Amino acid sequence: MKKVLVTGANGQLGQCLQKISQLYKNLEFTFKNSNDLDITEALSIKKTFNLVDFDYCINCAAYTDVEQAEKTPDIAFMVNAEGVKNLAFACKKHKVSLIHISTDYIFDGEKNEPYTTDDIPNPINEYGKSKLMGEKYIQKLMVDYIIIRTSWLYSEFGKNFYTTILNIAKVNHTLKISNTQVGYPTNALNLAKFINQLVILDDLDSNLYHFTDQVEMTWFEFAEKIIKTENLSNKVIIHNDKSTYLAPRPKNSRLD
Ligand SMILES: NC(=O)C1=CN([C@@H]2O[C@H](COP(=O)(O)OP(=O)(O)OC[C@H]3O[C@@H](n4cnc5c(N)ncnc54)[C@H](OP(=O)(O)O)[C@@H]3O)[C@@H](O)[C@H]2O)C=CC1
Ligand SMILES: Cc1cn([C@H]2C[C@H](O)[C@@H](COP(=O)(O)OP(=O)(O)O[C@H]3O[C@@H](C)C(=O)[C@@H](O)[C@H]3O)O2)c(=O)[nH]c1=O
């Protein structure tokens, strides 16, 4: 039986892991939300790691508000970089393997092909910069880890593009969506299953993965697909107004 700690358990990915946890009889999960375990508080981490001898930590805790991160980058860095560093220290000290989630937004999007794990990151917004710093801390401090970069996560849980579009569709017949970015929307449940398979395989060794659903589209096309899937009658039109958004986003978010 492997003991698995999940941080940020009330977020989108954390809830997906909770939803499927019953299917994994050989994994004993401890789910901690941000109130139970704040990764920016060393004491909070210490208490949790002293409680149980975990084999794995799946870090779903993150600051994911891309727009707000431009206004208050210090908070994004506090969680996505310093918080991750705290967690990496604790995992190292307690010999816990860390599975950490990172993002397509660590790339600048200027490449014409999908990004591979050999490509050099160059984030263009504060969220991406803070996530890249988190990756670097783990790589510097740890040996037993996996960093999984993913993109455009969606699910029934929390705030994501899918749920945002459904909310907007309730109040506006016409949705105005940009088509200047291309990426691979990824069902967070698929990522949760992939993570659990890695835990079952139990073969971590400083690895960096890209995990996505590999179907290419723009946000506009994704919005059209959501409206169609939900049998809604809303109209989706292309609208590229960069002035609406603070954070620059990479044009190409495809991860291979
Ligand atoms: N969403 C996406 O499209 C993508 C996400 N990712 C990455 O995947 C991972 C999971 O993302 P997702 O589930 O969508 O994100 P969510 O924002 O849904 O969940 C993040 C969770 O982290 C918690 N959290 C925030 N600060 C802290 C803290 N200091 N200590 C402990 N917990 C904290 C939040 O709690 P609270 O709400 O209480 O603040 C929230 O429950 C993240 O690392 C993210 O960067 C990568 C690519 C795409
Ligand atoms: C809601 C909305 C968004 N958009 C645009 C803005 C932006 O360019 C794009 C996506 O908008 P969002 O703000 O929902 O997505 P954004 O926060 O940029 O999504 C990112 O989240 C972080 C956490 C990640 O790691 C990324 O992989 C990615 O999923 O769609 C519209 O054009 N119209 C709209 O009505």
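In what sense do strand 1 and strand 3 pair, and over how many bridges? The first legend below gives the answer; the legends together describe close-up views of a predicted model.

**View 1. Strand 1 beside strand 3.** Strand 1 (2-7) and strand 3 (56-59) pair in the parallel sense, and 4 bridges connect them. One partnership to locate is that of V6, whose bridge partner in strand 3 is I58. Within strand 3, Y56 and I58 point one way, while C57 and N59 point the other way. All of these residues of strand 3 are buried. In a regular strand, side chains alternate between the two faces of the sheet.

**View 2. Strand 4 and the strands with which it pairs.** Strand 3 pairs with strand 4 in the parallel sense over 4 bridges. Here Y56 stands opposite S97 of strand 4. Strand 4 (residues 97-103) is also joined to strand 5 (residues 145-150) by 6 bridges, and these two strands run parallel. T103 has T150 as its bridge partner in strand 5.

**View 3. The open sheet as a whole.** The sheet is open and is formed by 6 strands, in the order 2-1-3-4-5-10, with parallel pairing. Its edges are strand 2 (27-31) and strand 10 (207-210), each of which pairs on one side only. From one strand to the next, the twist averages 20°. Strands of a sheet pair through backbone hydrogen bonds, in either a parallel or an antiparallel manner.

**View 4. The packing of helix 1.** The buried residues of helix 1 (12-20) are Q12, L13, G14, Q15, C16 and L17. The strands against which the buried residues of helix 1 pack are strand 1, strand 2, strand 3, strand 4 and strand 6 (153-154). Helix 7 (188-201) also packs against these residues of helix 1.

**View 5. The surroundings of ligand 1.** Ligand 1 is surrounded by 28 residues, of which the closest are G8, G11, Q12, A61 and A62. Helix 1, helix 4 (73-93) and strand 4 each supply at least two residues of this shell. Helix 1 gives the most, with 3 residues. By class, the shell around ligand 1 comprises 11 nonpolar, 15 polar and 2 charged residues.

**View 6. The surroundings of ligand 2.** The shell around ligand 2 holds 19 residues, and T64, V66, T103, S178 and W219 are the closest. At least two residues of the shell come from helix 6 (161-171), and at least two from strand 7 (174-177). The shell around ligand 2 divides into 10 nonpolar, 6 polar and 3 charged residues. Two of the closest residues reappear in other views: T103 is the bridge partner of T150, and W219 is a buried residue of helix 8.

**View 7. The two sides of helix 8.** In helix 8 (residues 219-229), the buried residues are W219, F220, F222, A223 and I226. These residues lie on the same side of helix 8 because they cover an arc of only 160° around the axis. K228 and T229, on the other side of helix 8, are exposed. The cover over the buried residues of helix 8 includes helix 6, strand 7, strand 11 (217-218) and strand 12 (235-238). Just after helix 8, N231 adopts a positive phi of about 55°.

Conventions
Residues are numbered from 1 along each chain as its sequence is written. Chains are lettered from A and ligands numbered from 1 in the order in which they are written. This is a predicted model: local features need pLDDT of at least 70, side-chain atom pairs count only at pLDDT 80 or more; totals for chains, interfaces and linings use all residues. A residue is near a molecule or strand if its C-beta atom, placed from the backbone, lies within 6 Å of it. Ala, Val, Leu, Ile, Met, Phe, Trp, Tyr, Cys and Pro count as nonpolar, Asp, Glu, Lys and Arg as charged, and the others, Gly among them, as polar. Two strands pair if DSSP finds at least two bridges between them. Axes are lines fitted to C-alpha atoms, for helices over the stretch in contact, and angles run from 0 to 180 degrees between N-to-C directions. A residue is buried if 20 or more other C-beta atoms lie within 10 Å of its own, exposed if 12 or fewer, and partly exposed in between; C-beta atoms are placed from the backbone. Two residues are in contact if their C-beta atoms, placed from the backbone, lie within 7 Å. The arc is that of the directions from the helix axis to the C-beta atoms.
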